[in-house]
Amino acid sequence: MRTRLRIGLAAALLLSAAPAAAQDTGRVAGVVIDQTNAIALPGVPVEAVGTTFITYTDLDGRYDLELPVGEHRIRISLGGYAEQLVDIEVVTGQVTEVQVSLTTNVFAEEVAVVAPTLEAQSSTASAQMMLRMRAPAVQDNIGGSEMRSNNDSDAADAMSRVTGVSVVDSQSVFVRGLGERYSNTTLNGATLPTTEPDRRVVPLDLFPTGLIDSVQVSKTYTPDKPSQFAGGLVEIIPLKLPTETAYEFSLGGAYNTLTTGKSGLGYDGGSPWNGFGGGARALPAGFPDRKVIRGGRFTSDELGFLQSDLERLGESFSNVWDPVRQDQPMNQSYSGLFGGRFGKLGVVGTVRHSQNSQITKEERTFYKVGGSGIERFNGPYDFDETQFVSTLGGVGNLAYQFSPNHRLSVDNFYTHVGTDETRIFEGFNSDADNDIRNQRLFFIEEQIRAHHVGGDHLFPNASNSRLDWKIAVSQADRAEPDLREVLYEFDPAREAFVLADESQSGLRQFNDLVDDSVELSANWSTLVENWAGLPTQLKFGTSYIDRTRDFLSRRLRFVPTNTRGLDLSRPAEELFTSSFIGPNFQLKEETRPTDQYDAAQETLSAYGMIDVPLAVRLRLVAGARVENFRQRVDTFDPFARAVFGTTDVIRADLDETDVFPAVNLVYSIRNNQNLRVGVSQTVNRPEFRELAPFEFTDVVGGRATVGNPDLRQSLIQNLDVRWELFPGSGEEVVAASFFYKNFDNPIERIVEPTAQLRTSFTNADSATNAGFEIEGRKAIGEYLFLGANYTWVDSEVTLDAAARQVQTSLVRPLAGTSKNLFNTMIEVSNAGYSGRLLLNFFDDRISDVGSLGLPDIVQDGRSSLDFVFAKRFTQVSFRFAVSNLTDAPYVFRQGGLDQRVYKLGRTMAFGLSVHP
């Protein structure tokens, strides 16, 4: 009995002591990276010296070790690297963070303190600066935190702050003076399709900054990146999984001096608050798929329509044509974010919605060459335009860590933009020899959906080899449903504008584009010791991209048939009524034989590269990428059976296999100072639209644009040199860069000598692009931070002599290139308050190439000044910003004469965020 009692008491004492023992422990956690190239080091042993406690870093170089309370010495060691010993003190129930950068053995005697490491919050400016310092090639980054500090609403706004980058038309990125065709965009490493029908650029205004962790611009090519860029590769990194539970809710509003509360244009059924308006504007239910034309002697009953059928189809459209005046609301935005880790599962989700209005008053003039020089031809046209933009976007990512060495992730990105544009313009037109008035209702619905499934796997028994793979399915849609346009000409006898019988009068046009992309990719890498015992990374990979596009345009018009006795000066909604459709106006389809095309593109690639220290301070990153690129574009009559139709297909084919080598040398003058040299060859290929002979005319007096099925790809040779110094911790940098690029057969926009001049594309003989960049960011004392960057670009393109009959200049700068670019930032901060003043300047740039003796249309250089004030409290943050403080006009000139002039007004915005 006594024995049992003693055993019971002993057990009770042990159980009661267990919680106390558990409380006498703490944790040591952190991340281990390679100081030279900033890559995470997985599989590294982290042990407490003199104990049996040991763990290994996971796929992201992170570790978590539980130790008894007290003083410990932590050892971190890996072959080829200098061993690190760190003395720490473990506190009961607390986490002691130890962030470690390992240096190679040759630097062991120089290590006095633990080197700086990457921050857990990768969207911060200092974390992005560390990535840039250790990158294998010339790179410029901007983090999501800095974007929001600058009050940038989307990626396009943010990119204008990056060294050597300018933004055209608020969406197209020009890197080092090279147009959007010479840039490429990826989302989380996967190539994106585009919503643009006539450009290969992915519009960056589709990506709200609230959904972005960072944007990285690689200006030098490495073989593990897509080869199709010359100016820069824009890599959008969406929000990452947080290390701990986090949430945030934000709301904002903005007032524009030219728009908010002012009377703008709109129309019945326009401006959907959520941006989803395509369904309401679709072709009427039951509308025929075949061509809508009048039946007659040359058409069978199967093809043509009776007069009564045409009348019924015409009356099925909504009778909404005329703009009306509407007061414009205040701009607004809302967003919410939640993320966290729950055991082995990581979750992040965010959604953002915004609405913005813009009223624009513009004067536009077109010129011709006359006996006394440049003379006015069309205009001046006075434009009155109102644009309402609604954006909805979201990110939903999941990651499951099966073990420290294996992880599966599912990433989802969605963005949707609805743009409603209502405009009127009026002025003199030489073709009509009269004043004209045009009105247009235009709605664009764009969206990008991207779904990625991927895995990361570490194999410690195979030299710590790492395998990552990804399946990416993306789709870009662009719908332009029910564009409505009406043209009036002035009748002096009646002193009124009357309906004109022109191709753009009584027009209803429906455009639909779907661009799909499927990408499969895999990368394998390992760290080995080279001949000098230094760690060397070997990397191999392959990818397959299958991209398809379908485009269809339908043009329908109400053609006057009998207008005798009809007052054609009446508004369109009083003319195109059911009582007049049939007797006076007849619906006719004017869809062209080239108004539909479908296209397919396949890219199969494989690469190999090595990242090796050649000497104590010299690093070589070299390799090559082999790509087989096949592209087909078929343009055909969507109604091949119709009268006078054709079953002929206009086909454009490309089938190229090329090798794209790259050599990058990084010389570490000091641990915080690099000299970089990069040599590579890349490619620029024609986009689907540039190969398809589909023609579209934007405005009366403007040029049509048509593709060229005979375009060829252009090869580009690149040379980059950069010196960079990172004088302090955090965001400080001083850098100078030089670049030179040579283009074989560059693709350029030209003007064709048709009866009505139109724009097309051709391969020029050659082109060059050279320049330099200077950048500095420096903290002045405790409260002041300064930053500035300047880029000078000199470009030249030489066209074929055959173009002399139309092009004014056979040698000129590349279109869209500014010779001088400048950014500066001044920030004052103290006690959670900050004020930031930002200046952006771009120099003159060609917007449209001159022809038939007319000089180029040049956009004048322009400065933009913004101010942002912010205050962060414990759980609330407040931001106030004024954008476009100077409100300088946007001016385009031709031969020294104004061609386009407009303003956008000043915008005052506020934002409020709630967070932990």
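A residue counts as buried under 20% relative accessible area, as exposed over 50%, and as partly exposed in between. Keep that in mind for the views below, which come from a predicted model.

**View 1. Phe 490 and Phe 497 form an edge-to-face aromatic pair.** Their ring centres lie 5.3 Å apart, with 70 degrees between the planes. Is each ring buried or partly exposed? Phe 490 has a relative accessible area of 26%, so it is partly exposed, whereas Phe 497, at 13%, is buried.

**View 2. Phe 317 meets Phe 558 across a long stretch of sequence: 241 residues.** The ring centres are 6.4 Å apart and the planes stand at 80 degrees, so this pair is edge-to-face. Phe 317 sits in the loop between helix H5 and strand S18, and Phe 558 belongs to strand S27, so the pair ties together these separate parts of the chain. Both Phe 317 and Phe 558 are buried. They also belong to one aromatic cluster, with Trp 321 and Phe 510 among the other members.

**View 3. Two arginines lie over aromatic rings.** Look for Arg 437 over the face of Tyr 488, 5.0 Å from the ring centre. In the other example, the charged end of Arg 685 is placed over the ring of Phe 629, at 4.2 Å from its centre.

**View 4. Four strands make an open antiparallel sheet in the order S3-S2-S5-S6.** Strands S3 (54–56) and S6 (84–90) are at the edges with a single partner strand each, so one side of each has no neighbour in the sheet. S2 (residues 45–48) pairs with S3 over three bridges, and here you can find Pro 45 opposite Tyr 56.

Note on methods: Residues are numbered from 1 along each chain as its sequence is written. This is a predicted model: local features need pLDDT of at least 70, side-chain atom pairs count only at pLDDT 80 or more; totals for chains, interfaces and linings use all residues. Side-chain values use heavy atoms; hydrogens and water are left out. Two strands pair if DSSP finds at least two bridges between them. Helices (H or I, at least four residues) and strands (E, at least two) are DSSP runs, numbered from the N terminus. Rings of Phe, Tyr and Trp (its six-membered ring) pair if their centres lie within 6.5 Å; planes under 30 degrees apart count as stacked, over 60 as edge-to-face and the rest as tilted. Buried means under 20% relative accessible area, exposed over 50%, partly exposed in between (1.4 Å probe, protein chains only). A charge sits over a ring if NZ of Lys or CZ of Arg is within 6 Å of the ring centre and within 35 degrees of the ring normal.
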